[in-house]
Amino acid sequence: MNLVLLGPPGAGKGTQAKLLEDSRSLVKLSTGDMLRAAVAAGTELGRKAGDIMERGQLVPDALVINLIAERLDEDGSGRGVVLDGFPRTLAQAEALDRLFKERGKRLDRVIVMAVDDEALVERIAGRFACAKCGEGYHDAHKRPLRPQVCDRCGGTEFVRRPDDNEAVVRSRLKAYHTQTKPLIDYYTRQGRVKTVDGMADIGTVAKEIGRALDG
Ligand code: AP5
Ligand code: MG
């Protein structure tokens with residue numbers, strides 16, 4: 001099964017993609033994570049993308065389409081992929097259709113995560129992650145079971161993203177509404193969309209996604 005999680009910044013795409021990776025053995029492909037890794041490694045892609053990301057704007061289509069094309073050819077993606085943060089523009093959605101077609105695959109479902117804009121700023125401002133394994137947490141909604149110790153790997157260092165401040169979140173939201181939201185119509189016309197209530201708690205959202213995929 002191949003699926004896309006579509007929603008604004010803070011909707012819970014990364015959180016749910018991780019759960020789907022664990023529960024359904026899908027390969028999680030997150031363009032945000034790939035770009036952050038490129039920035040951290042100081043690659044040419046990272047140098048091109050870093051400033052754009054810090055402003056909360058979208059990285060050029062060709063760069064992210066290339067990233068996804070490479071990953072779709074890697075071992076394991078044949079099991080099925082869950083795309084987190086891609087596609088984000090019409091050009092990316094059309095490229096994805098083409099990439100799947102060339103590989104004899106198809107996109108089975110697009111899960112739209114519906115959330116209130118006001119809730120997103122709170123979610124994003126409270127977010128942090130384990131510096132070692134990347135497991136995501138939230139100050140109010142998902143704290144490590146033992147204070148300052150990662151549930152997944154035992155790491156004790158945590159990091160916050162440089163684009164997680166209010167001004168940048170606002171421009172990320174603007175990019176979502178102008179460039180990404182139109183994809184809901186694009187995929188609705190293809191009959192692939194299921195909308196879930198992203199305002200529910202993490203476990204409830206996961207169950208709703210499960211029903212949307214199996215139903
Ligand atoms: P990206 O990394 O994709 O960021 P984003 O879309 O802004 O989304 P986030 O990662 O902030 O939110 P999320 O939906 O994953 O929420 P999460 O699960 O963490 O992109 C970053 C940048 O890279 C872009 O701005 C752009 O510059 C560039 N980029 C990436 N892809 C691109 C592309 N395709 N084209 C062009 N440029 C691209 O949850 C948020 C918080 O809330 C967490 O703390 C979590 O624990 C908590 N939480 C999650 N679910 C719930 C819930 N149900 N209830 C309460 N709390 C919850
Ligand atoms: Mg994310």
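Mentor: A residue is near a molecule when one of its heavy atoms lies within 4 Å of it, and with that cut-off in hand we can go through this predicted model, starting at ligand 1.

Trainee: Which of the 34 residues around ligand 1 come nearest?

Mentor: Thr15, Gln57, Arg88, Arg127 and Arg172 come nearest of the 34 residues around the ligand. Sorted by class, this shell holds 13 nonpolar, twelve polar and nine charged residues.

Trainee: What makes the approach of the side chain of Arg88 to ligand 1 a polar contact?

Mentor: An N or O atom in the side chain of Arg88 is 2.5 Å from an oxygen atom of ligand 1, and because a polar contact is a pair of N or O atoms within 3.5 Å, the pair qualifies. The side chain of Arg161 has an N or O atom at 2.9 Å from an oxygen atom of the ligand, while for Gly12 a backbone N or O atom lies 3.0 Å from a ligand oxygen; both pairs are therefore within the cut-off of 3.5 Å as well.

Trainee: How much of the area that ligand 1 exposes when taken alone does the protein bury?

Mentor: Taken alone, ligand 1 exposes 1000 Å², of which the protein buries 95%. Two or more residues of the shell come from each of the elements α1 (13-24), α2 (31-41), β6 (136-138) and α9 (202-214), with the largest share, four residues, given by α2.

Trainee: Why is Thr180 called buried?

Mentor: Buried means under 20% relative accessible area, and Thr180, at 4%, is therefore counted as buried. Thr180 belongs to helix α7 (residues 166-180), and its side chain reaches the backbone oxygen of Arg88 at 2.7 Å.

Trainee: How do you know whether Ser25 and Gln148 are exposed or partly exposed?

Mentor: The boundary between the two classes is 50%. Gln148 has a relative accessible area of 56%, so it is exposed, whereas Ser25, with 41%, falls between the two limits and is therefore partly exposed. Ser25 sits in the loop between α1 and β2 and has a positive phi near 55°; Gln148 sits in the loop between β6 and β7 (158-159), with a positive phi near 65°. Each is a residue other than glycine.

Trainee: What makes β1 and β4 paired strands?

Mentor: Two strands pair if at least two bridges are found between them, and strand β1 (residues 3-6) has four bridges to β4, so the two count as paired, in the parallel sense. Leu3 stands opposite Arg109 of β4. Strand β4 also pairs in the parallel sense with strand β8 (residues 193-197), over five bridges, and there Ala114 has Asp197 as its bridge partner. As for cover, five of the six residues of β4 (109-114) are buried.

Trainee: Why is one side of β2 and of β8 left without a neighbour in the sheet?

Mentor: The open sheet has five strands in the order β2-β3-β1-β4-β8, with parallel pairing. In that order β2 (27-30) and β8 stand at the edges and each has a single partner strand, so one side of each has no neighbour in the sheet. From one strand to the next, the twist averages 20°. For β2, the partner is strand β3 (residues 81-84), joined to it by four bridges in parallel, where Ser30 has Asp84 as its bridge partner.

Trainee: What makes the peptide bond from Phe86 to Pro87 stand out?

Mentor: Its omega is near 0°, and the bond is cis; Pro87 lies in the loop between β3 and α5 (90-102).

How values were computed
Residues numbered from 1 in each chain as written. Chains lettered and ligands numbered in written order. Predicted model: local features only at pLDDT ≥ 70, side-chain atom pairs only at ≥ 80, totals over all residues. Heavy atoms only, no water. Polar contact = N/O pair within 3.5 Å; in protein donor to acceptor, adjacent residues only side chain to side chain. Areas by Shrake-Rupley, 256 points an atom, 1.4 Å probe, with all protein chains shown as cover. Nonpolar A, V, L, I, M, F, W, Y, C, P; charged D, E, K, R; others polar. Buried < 20%, exposed > 50% of the residue type's maximum accessible area, 1.4 Å probe, protein only. Axes fitted to C-alpha atoms, helices over the stretch in contact; angles between N-to-C directions.
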